[in-house]
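User: Can you take me through this one? I'd like to know how the chains meet.

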Amino acid sequence: MAEPATATQAAAPAVPQLKDELDIVIPTIRNLDFLEMWRPFFQPYHLIIVQDGDPSKTIKVPDGFDYELYNRNDINRILGPKASCISFKDSACRCFGYMVSKKKYIFTIDDDCFVAKDPSGKAINALEQHIKNLLSPSTPFFFNTLYDPFRDGADFVRGYPFSLREGVPTAVSHGLWLNIPDYDAPTQLVKPLERNTRFVDAVLTIPKGTLFPMCGMNLAFDRELIGPAMYFGLMGDGQPIGRYDDMWAGWCTKVICDHLGLGVKTGLPYIYHSKASNPFVNLRKEYKGIFWQEEIIPFFQQTVLPKDCTTVQKCYIELAKQVKEKLSKVDPYFDKLAEAMVTWIEAWDELNPTGSSVTNGKAK
Amino acid sequence: MSLSIKDHEIDIVIGALRSDLTSFMSEWRPIFSRFHLIIVKDPDLKEELKIPEGFNLDVYKKPDIDCVVGTSTSTIFSGYSCRYFGYLVSRKKYIISVDDDCYPAKDNKGILVDAVAQHITNLTTPATPFFFNTLYDPFTEGADFVRGYPFSLRSGVQCALSCGLWLNLADYDAPTQALKPEERNSRYVDAVLTVPARSLMPISGINIAFNREVIGPALLPSLRLGGEGKFRWETMEDIWSGMCVKVACDHLGLGVKTGMPYVWRNDRGDAIASLRKEWEGVKLMEEVVPFFQSVRLPREATTTEDCVAEVANVVKEQLGSKDPIFARAAKAMVDWVMLWKSVGSSTSSPGA
């Protein structure tokens with residue numbers, strides 16, 4: 001039975017890596033009590049809190065954290081009419097935090113995620129593992145059967161071409177969850193008691209050309225490499241769909257990473273996910289998504305980005321164009337979404353004027 | 001073990017490159033003893049095989065191999081390739097094959113891993129090659145498909161091949177092992193996952209299992225290094241065969257899984273000594289991988305034999321001129337399909 005860690009103090013690293021290069025983005029409507037548990041691992045870092053819901057409510061941030069906090073009024077003020085692309089009453093609003101950050105790396109975590117324990121009982125510093133994942137190369141062109149070859153105690157297996165062993169830069173590190181797994185509503189309804197107790201000691205690169213469901217609960221990425229692709233879509237209030245924000249960002253991100261020759265890793269680190277959301281509420285949010293994704297997935301699988309899309313922004317604008325062309329027939333929502341995607345890029349470029357269109361990748 | 005699988009549907013094929021199999025068989029006895037075993041002796045091995053009593057097995061040695069395929073053909077079964085003879089003569093649905101220097105491993109809880117049971121579970125539950133599930137095998141106890149996984153893809157496809165892993169001496173190439181002589185794999189990763197469609201990987205022959213009826217002909221002896229030797233560091237035959245299998249599976253809509261079960265692979269040989277022999281293989285992979293990544297099989301190839309024949313064709317056309325080893329491999333693949341048709345049992349059924 002998975003349990004969260006309690007003694008995290010001893011596990012804090014002596015020198016927090018990337019302390020001045022990484023922001024932690026947390027969406028919240030409740031409170032930030034969970035930060036107490038993360039304190040030894042998070043305190044050295046700057047936090048960006050994106051407050052969803054009623055802006056007149058005050059979110060108390062535990063003492064000792066360096067943070068900036070944005071509520072809906074702030075988002076409206078900063079973005080003006082472009083604020084329409086940021087979701088309201090949905091944790092998708094977190095992507096506003098990515099946009100205003102000035103750092104190279106982002107780690108985002110939900111406020112019901114706690115420190116997990118590894119099988120030896122040791123508290124897992126999820127941030128440290130994400131940093132390791134991001135700072136070591138990915139290997140999307142050929143699958144390594146011993147998983148991440150850059151981890152201690154592992155390497156490339158026999159038959160792995162030497163010319164591919166340098167790998168490519170890692171743009172995304174997707175972590176996993178012990179205890180409450182990230183299931184959709186139908187699965188939650190069928191298996192309300194299922195808990196993820198399996199600690200899989202692996203990090204692996206998701207191969208090029210393969211899509212995956214990206215969960216935003218425990219996620220880190222290189223903002224300079226892929227930031228503009230991490231738009232979490234139009235969800236929540238006034239929208240026909242919810243709980244597909246991170247999915248949407250993940251499909252866009254993966255297609256663009258594949259095009260630009262960037263890597264996406266998944267696996268460690270684990271966090272302890274404590275709160276199971278109400279499956280009936282979830283079902284109403286996801287309902288349309290469950291049908292729509294049958295069209296959305298083939299769309300992303302077949303998307304080809306032209307060679308002259310050499311930056312993330314160009315790729316994203318092109319994707320928005322294709323969404324409008326090909327997915328509008330599924331539902332007018334996609335028309336709105338395509339427009340919001342363009343608005344997002346415009347807002348991103350406004351808030352991040354210099355150097356933000358540089359990428360290490362090569363258009364394929 | 002799945003209740004629907006009968007023990008008599010399984011053959012365990014062991015290629016014997018060492019003569020004294022006593023400790024190997026004794027260690028595997030608790031797991032192997034209920035099954036039929038096919039032991040194929042490397043035709044180049046001079047000493048008599050030593051096999052303990054109490055197993056239900058058939059042993060094939062050079063004279064037997066000569067008898068079935070003829071003395072000129074029997075050379076293709078030299079060294080590690082001897083196991084392919086076992087695949088050829090088997091009449092069972094499932095084959096599990098482990099190198100003779102591998103022993104049962106223990107999992108993280110110290111419990112002996114039943115590699116056969118795990119391989120069979122892998123082969124008899126669906127694979128999911130079209131979309132990656134972040135919680136790995138969704139059909140395993142305590143796991144499922146995650147949010148965002150399309151429902152239409154949740155029934156999966158038939159799994160044709162199960163690739164296991166190795167604790168202790170991992171399947172590294174000679175340069176890697178020579179550089180890190182002390183490195184031993186102690187990380188037990190508690191997962192099975194489907195290798196996505198169109199993603200290629202080095203499929204090691206050390207610990208595999210497959211559905212012979214569906215994919216049998218694609219596991220084949222064809223690429224033989226000039227200096228091929230009696231250590232895995234000195235071969236690429238399984239890697240080549242594995243590429244053919246993966247390309248065929250992707251084309252036929254079949255799945256390939258990797259991960260558990262683990263076996264414990266004993267230290268054997270000297271990586272530095274093998275360096276010179278394997279270097280040829282290392283260089284060849286630079287051609288082999290881009291080649292297989294570019295192979296597209298025609299729609300008319302609807303059986304595994306068709307796929308193998310097509311791949312052989314393309315190998316001959318595109319790689320044959322680059323190195324005679326490829327021309328020979330292509331011919332060997334064509335010969336294998338014919339051999340499979342004449343000696344092997346029922347031809348494979350079209351992919352799922």
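User: How many salt bridges are there between chain A and chain B?
Analyst: The count is 10 salt bridges between chain A and chain B, each being a side-chain nitrogen of Lys or Arg within 4 Å of a carboxyl oxygen of Asp or Glu. One of them joins the side chains of A:Asp155 and B:Lys180, at 2.6 Å from N to O. This is a predicted model, where local features need pLDDT of at least 70, side-chain atom pairs count only at pLDDT 80 or more, and totals for chains, interfaces and linings use all residues. Residues are numbered from 1 along each chain as its sequence is written, chains are lettered from A in the order in which they are written, and side-chain values use heavy atoms, without hydrogens and water.

User: Which element gives the most to the side of chain A that touches chain B?
Analyst: That is α8(A), with six residues; helices here are DSSP runs of H or I with at least four residues.

User: And how many residues are in contact?
Analyst: 62 residues of chain A are in contact with 61 of chain B, where contact means heavy atoms within 4.5 Å.

User: New topic. How many disulfides does the structure hold?
Analyst: Zero, over all chains; a disulfide is a pair of cysteine sulfur atoms within 2.5 Å.

User: Why is A:Cys215 not in a bond?
Analyst: Because the closest cysteine sulfur, in A:Cys113, is 7.6 Å from the sulfur of A:Cys215, too far for a bond.

User: Is A:Cys215 buried or exposed?
Analyst: A:Cys215 is buried, at 1% relative accessible area (buried is under 20%, exposed over 50%, partly exposed in between, with a 1.4 Å probe and protein chains only).

Terms used. Helix = DSSP H or I, 4+ residues; strand = E, 2+ residues; numbered from the N terminus.
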